[in-house]
Amino acid sequence: MNSQPAAPDTGGRPAPFWRRLVHAVRHGLVLPRTDQERKRAVVAWFALHFRPVRLPTRSLTWTHTFGLGGSALVLVLLLTGTGALMMFGYEPAPGNAYRSIERFQDGTRFGGLVRGVHHWSANLLILVVVLHLLRVFFTGGFHAPRQFNWVIGLGLLVCVLASNFTGYLLPWDQLSYWAITISTGMLSYIPLAGDWLQRAARGGDEIGQATLIIFYSLHTTFIPVALVVLAGFHFWRVRKARGVVVPRACRRLSRRPAGPRPIRPPGPAAGSSGRRGWGSPGSRSPNSPGSWSRARWTGSPRIP
Ligand code: HEM
Ligand code: HEM
């Protein structure tokens, strides 16, 4: 079936300008109605490539994912937007960092809002990502073929934690100075490489200009780039796995026809009449996956 609306029929004469204009706009906006039209829309619109053409309806329900992965993405975009705006005012130098942030927050229109959104999005992101991880874990989304996406997710988690850690030093106030002094100090307890790691993180023996530059570069360039690359890979893997996982229990229930649950069929003992009943040696348990066969529910004598 053709997904495009019919061109205005004007009996061979050129259509008036306004009709051609309406046609041109409607042409792209028409909603697909059949499977074939939907398939065409997915192929034609890059943004729709995020989802496979066909996927189980159950995987689209809100309570399946709680939109946690999408919320994490929105927060990352907010952080990138507000972070880029703050770079206009921020000076990564120990003598100026704190004052530049104060100036940005109090002396720039919406500066306080932009900084507040960055601050709270960063905190919320940790919560959302941890909840997303738990959702994936409890729906069994880490099993094959999604096991590699779980590992990419762990990489994303490291990026999110590293962003929060490096961002913490940037205001260069008493809290951030001492927090980073203590946390980088703990690196020296790692056997063998500890002292080297501590010097590498601080850019020397003490926290100072070099540390701020290292943290600033990591925070505003290296980690965001890693995050974007990994996130792209993450979404692509979701797509390749044909959408999110649908737990086995849901697959079983979705195969079950609507209506009341039938009671155990009456008649001779299971297995004695050639027809296998529940609990007979040849039948599977009603609780085992795949046991809700349509034949049994509709009462058909042909049991596969
Ligand atoms: C996952 C992404 C990100 C996280 C979790 C994050 C986290 C943070 C945190 C916790 C702070 C300290 C804020 C405060 O205490 O007020 C901060 C500051 C800052 N961030 Fe980010 N950030 C992220 C991405 C970015 C990006 C992409 C940029 C730049 C393009 C950026 C630029 C800045 C700047 C300039 C500051 C210093 C200003 C301030 O401290 O308020 N951030 N970030
Ligand atoms: C910035 C961080 C992250 C973003 C933006 C993100 C985004 C997403 C999105 C949009 C989905 C599609 C389904 C959904 O909305 O739940 C998804 C699925 C998935 N995520 Fe994440 N994620 C992040 C972190 C993580 C972490 C930390 C893990 C685990 C270690 C993880 C593992 C997975 C897995 C295995 C799937 C496929 C799950 C399934 O098929 O049900 N992700 N992610």
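**Exercise 1. Describe the order of the elements along the chain, and then state how much of the chain is buried.**

Step 1. Read from the N terminus, the elements run α-α-α-α-α-α-α-α-α-α-α-α, and the chain has 12 helices and 0 strands. Helices (H or I, at least four residues) and strands (E, at least two) are DSSP runs, numbered from the N terminus.

Step 2. The model is predicted, with local features needing pLDDT of at least 70 and side-chain atom pairs counting only at pLDDT 80 or more, while totals for chains, interfaces and linings use all residues. Residues are numbered from 1 along each chain as its sequence is written, and chains are lettered from A and ligands numbered from 1 in the order in which they are written.

Step 3. Of the 304 residues in the chain, 16% are buried, where buried stands for 20 or more other C-beta atoms within 10 Å of a residue's own, exposed for 12 or fewer, and partly exposed for what lies in between, with C-beta atoms placed from the backbone.

**Exercise 2. Explain how the buried residues of helix 5 are arranged, and what they pack against.**

Step 1. In helix 5, which spans residues 97-107, the buried residues are Ala97, Ile101 and Phe104. They lie on the same side of helix 5 because they cover an arc of only 60° around the axis, the arc being that of the directions from the helix axis to the C-beta atoms.

Step 2. An α-helix has 3.6 residues a turn, so residues three or four places apart point the same way.

Step 3. The buried residues of helix 5 pack against helix 4, helix 6 and helix 10, whereas the face turned away from the buried side carries the exposed residues Arg99, Asp106 and Gly107.

**Exercise 3. Characterise the shells around ligand 1 and ligand 2.**

Step 1. Around ligand 1 there are 25 residues, of which Gly83, Ala122, Ser163, Gly167 and Leu170 come nearest; a residue is near a molecule if its C-beta atom, placed from the backbone, lies within 6 Å of it.

Step 2. Helix 4 (68-86), helix 6 (111-138), helix 7 (147-169) and helix 10 (209-240) each supply at least two residues of this shell, and the largest share, 6 residues, comes from helix 4.

Step 3. Ligand 2 is surrounded by 28 residues, with Gly69, Ala72, Gly141, Gly153 and Val244 the closest. Helix 7 gives the most to the shell around ligand 2, with 7 residues.

Methods:
Nonpolar A, V, L, I, M, F, W, Y, C, P; charged D, E, K, R; others polar. Contact = placed C-beta atoms within 7 Å.
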